[in-house]
Amino acid sequence: MSDAALGIWLVRAEGEALAAVLRARLGAEVYRPWLNPGVAQKAQFAAAYRQHAQWVMVAASGIAVRFLDGLAQDKHSDPALVVLDEAGRFAVSLLAGHEGGANELAYRVAAVVGAVPVVTTATEALKPLTLGVGCRKGVPAERIEAAVLHALGQRGQRQIAEVREVATVDLKANEPGLLEFCRKHGLPLRVFARATLAARPWVTKASEWVMQNVGLDGVCEPCALVASPRGELLVPKTSLDGVAVAVVQDKWMEI
């Protein structure tokens, strides 16, 4: 097995720019199968498949499905695979979502390139809540958890187990306390660029402090609403000890 846990498979040279960004941020071995034109790409991928614990394939999902044909054996041992389109729009958890960590990898890839993470496993699909979180610098995980529980308690004692994902602004993408909170509860962190949030300024009440320090009217409410576009604001911005939390509930069942 390769020293790099992550392998990036490029189907065409057009994926080089995405691969460079992912390699710089995540660390990876990049494969360029067109450099070996005498061997079919599918055969080359099959030979490399077990060399990494996780894969990002920059390709159409149909290509990935064809390449995986006959390779997947068991969800407990199969490498995780995320498909990323060449435009960097969608990061799809395709294989080994839970056991192999493809769901988490899809969010990591999405955060790097600004893609939408696509997770289809039933456990995540049935969780209706999205949290938008903003916090002051250096706030510990314990205070973030306390603020989240406080917000969830505003509407009939909702539980962290009902939360599908946490969303925040790019300025807070590497905030240690927020990352620790997400790790503790197994929650993926979705990161939005400030420009994305500025274009959708959905806030019940603009914050002068957030405008001065982040350049936005608010963080937690637009983050949660952009992350769950068919949802509705269940709990507006609720602040506690330097942490602001908003809760959005997915309304997919109400058609």
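**Helix crossings, sheets and salt bridges**

User: Why is the crossing of H2 and H3 called right-handed?

Analyst: H2 passes H3 in a right-handed crossing, a label given when the near helix is turned clockwise from the far one by less than a right angle (anticlockwise would make it left-handed). This is a predicted model, in which local features need pLDDT of at least 70 and side-chain atom pairs pLDDT 80 or more, while totals for chains, interfaces and linings use all residues. Residues are numbered from 1 along each chain as its sequence is written, and side-chain values use heavy atoms, without hydrogens and water.

User: What are the angle and the axis distance at which H2 and H3 pack?

Analyst: The angle is about 65° and the axes are 9 Å apart. Axes are lines fitted to C-alpha atoms, for helices over the stretch in contact, and angles between N-to-C directions run from 0 to 180 degrees. Helices themselves are DSSP runs of H or I with at least four residues, strands are runs of E with at least two, and both are numbered from the N terminus.

User: How do you know which residues of H2 and H3 meet?

Analyst: Contact requires heavy atoms within 4.5 Å. On the H2 side, Gln41, Lys42 and Phe45 take part, and they meet Arg66, Phe67 and Leu68 of H3. These divide into three nonpolar, one polar and two charged residues. Nonpolar covers Ala, Val, Leu, Ile, Met, Phe, Trp, Tyr, Cys and Pro, charged covers Asp, Glu, Lys and Arg, and the others, Gly among them, are polar.

User: What makes Arg12 and Glu86 a salt bridge?

Analyst: Their closest N and O atoms are 2.5 Å apart, and the rule asks for a side-chain nitrogen of Lys or Arg within 4 Å of a carboxyl oxygen of Asp or Glu, so the pair qualifies. Arg12 sits in the loop between E1 and H1 and Glu86 in the loop between E4 and strand E5 (90-95), so the bridge ties together parts 74 residues apart in sequence. Arg12 and Glu86 also share a network of salt bridges with Glu14. By this rule the structure has 15 salt bridges.

User: Why is Arg12 called partly exposed?

Analyst: Its relative accessible area is 40%. Buried means under 20%, exposed means over 50%, and partly exposed lies in between (1.4 Å probe, protein chains only). The value for Arg12 falls in the middle class, as does the 28% of Glu86.

User: Is Asp78, which forms a salt bridge with Arg50, buried or partly exposed?

Analyst: Asp78 has 8% relative accessibility, so it counts as buried. Arg50, at 31%, is partly exposed. Their side chains come together at 3.1 Å, N to O. Asp78 belongs to the loop between helix H3 (61-68) and E4, and Arg50 to the loop between H2 and E3, 28 residues apart.

User: How do you know that H10 is largely enclosed?

Analyst: Eight of the eight residues of helix H10 (residues 220-227) are buried, so the rest of the structure largely encloses it. Cys220, Pro222 and Leu225 are among them. The buried residues pack against several elements, including strand E7 (129-135), strand E8 (163-169) and helix H8 (194-198).

User: What makes E9 and E10 edge strands?

Analyst: They belong to an open sheet of five strands, ordered E9-E8-E7-E11-E10, with mixed pairing. E9 and E10 each have a single partner strand, so one side of each is left without a neighbour in the sheet. Strands pair if DSSP finds at least two bridges between them. E7 and E11 have seven, in the antiparallel sense, and Cys135 stands opposite Val243 in E11. Helix H7 (residues 176-185) packs on this sheet, touching E7, E8 and E9, with its direction at about 170° to that of E8.

User: Which strands stand at the edges of the six-strand sheet?

Analyst: That open sheet runs E2-E1-E3-E4-E5-E6, again with mixed pairing. Strand E2 (29-31) and strand E6 (116-118) are at its edges, each pairing on one side only. From one strand to the next, the twist averages 20°. Helix H1 (residues 16-26) packs on the sheet, touching strand E1 (6-10), E2, E3 and E4, and makes about 175° with the direction of E1.

User: How do you know that strands E3 and E4 pair?

Analyst: Strand E3 (residues 54-58) and strand E4 (residues 80-84) share five bridges in the parallel sense, and Val58 stands opposite Leu84 in E4.
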